[in-house]
Each structure stands twice: as structure tokens, then as C-alpha cells.
Amino acid sequence: MYEERFMRRAIEISAQALETPGTEPFGSVVVKGGRIVGEGINRSVMNHDPTSHGETEAIRDACRNLQTVDLRGCELYTSCEPCALCVAAMGIAGISALYYAADMAQAGAVLTGLPEAARFPIDPDQLTRECSLPVAKRQMPSEQHLDRPAADILAEWAARARSRV
């Protein structure tokens, strides 16, 4: 259930980008049982990591703090509507609810036209479209090689995991 104090904290975190070089104004918190268990701000430039978005950083922080990769029952509050990368990370982690402040249209209106030196250009709509396509239909050229050895390792890992449970 939405609580304004958590959204205010996500926005407060995003404001740190005004004074912290290498960050961008996208802040997030992960909440479990009425308390913040993870926080994050976009550190893509600082970390030289294009996946270091506020949401992924908050998810990583929450997982470390809770010592799990299972965030079912957790909510994510973020200062801006998440991109496809972050939505995928939330799904993988099991986030149960999402609350966001600015939407993609608001972010796009402000960020469109920034020079590449200020912000690497990202088209979130194109990213979303690409993610919904099977690999063979995506714009990025893709080829499959050595599938059998890789699948064999997956099968062996799964067999060992089943025997440990």
C-alpha cells in the first residue's frame, strides 16, 4: 500500500544528483514491512555501468541487506517511471508493487535534446519494443553458437540443484 514518505525519500535521493558528479536524478527505495531495506541512485557514469540505474541499485542494496535474491513482498518506490531494464530487474527479483513519480513523458520532455556529453542517449520506447520481441526479430544482429555445451552445463547445474533440495 502506497505511503508518501517512501516516495518523498526516493525523490530526495534523486536530488543528490544535483550535487554528486557521475549520478543522474533517478532515485529509488525498496520497502519491506513498512521500512526501507534498500536505496539507490543512478550511478551509471560514476560506475561505468549502464545498468546502474536507481531501481537496480536499490534492488542490489535490498538484496545485500536482506541476504537474499527474493524480494517478493517488497515494494519499489522510484522518482521516475522505470525503463524496460529496471522493470525486468523488478520482475526477476520478485518486487510485488511499483510506485513512481514522474512518468516517461515528463522525463522525455526534460531530457530530450541533451547533448551526448551530458547524457548518453537512450530511447526507452525503443528499448521496450526490442525487449518484447523474440531474439531473431530484434534490431541487434544475433547469432546462436555452441548451444549444446551451454545447455549441458545448465542441465547439470539444475540436476545438482534438485539434489540439494
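**Exercise 1. Work out what span helix H1 (residues 4-15) should have, and check it against the model.**

Start with the rule: the expected span is 1.5 Å times one less than the number of residues. H1 has 12 residues, so it should span 16 Å. Now look at the end C-alpha atoms: they're 17 Å apart, which agrees. (Helices here are DSSP runs of H or I with at least four residues, strands are runs of E with at least two, and both are numbered from the N terminus.)

A word on the source: this is a predicted model, where local features need pLDDT of at least 70, side-chain atom pairs count only at pLDDT 80 or more, and totals for chains, interfaces and linings use all residues. Residues are numbered from 1 along each chain as its sequence is written, and side-chain values use heavy atoms, leaving out hydrogens and water.

**Exercise 2. Find the buried residues of H1 and say which side they sit on.**

Buried means under 20% relative accessible area (1.4 Å probe, protein chains only). In H1 that gives you Phe 6, Met 7, Ala 10, Ile 13 and Ser 14. They cover an arc of only 120° around the axis, going by directions from the axis to the C-beta atoms, so they lie on the same side of H1. That fits the general rule: an α-helix has 3.6 residues a turn, so residues three or four places apart point the same way.

**Exercise 3. Which strands help cover those residues?**

Look for contacts, meaning heavy atoms within 4.5 Å. The cover includes E1 (24-32), E2 (35-42), E3 (75-80) and E4 (97-102).

**Exercise 4. Place H1 in the whole chain.**

Count first: seven helices and four strands. Their order is α-β-β-α-α-β-α-β-α-α-α. Buried residues make up 33% of the 165 residues.

Conventions
Buried < 20%, exposed > 50% of the residue type's maximum accessible area, 1.4 Å probe, protein only.
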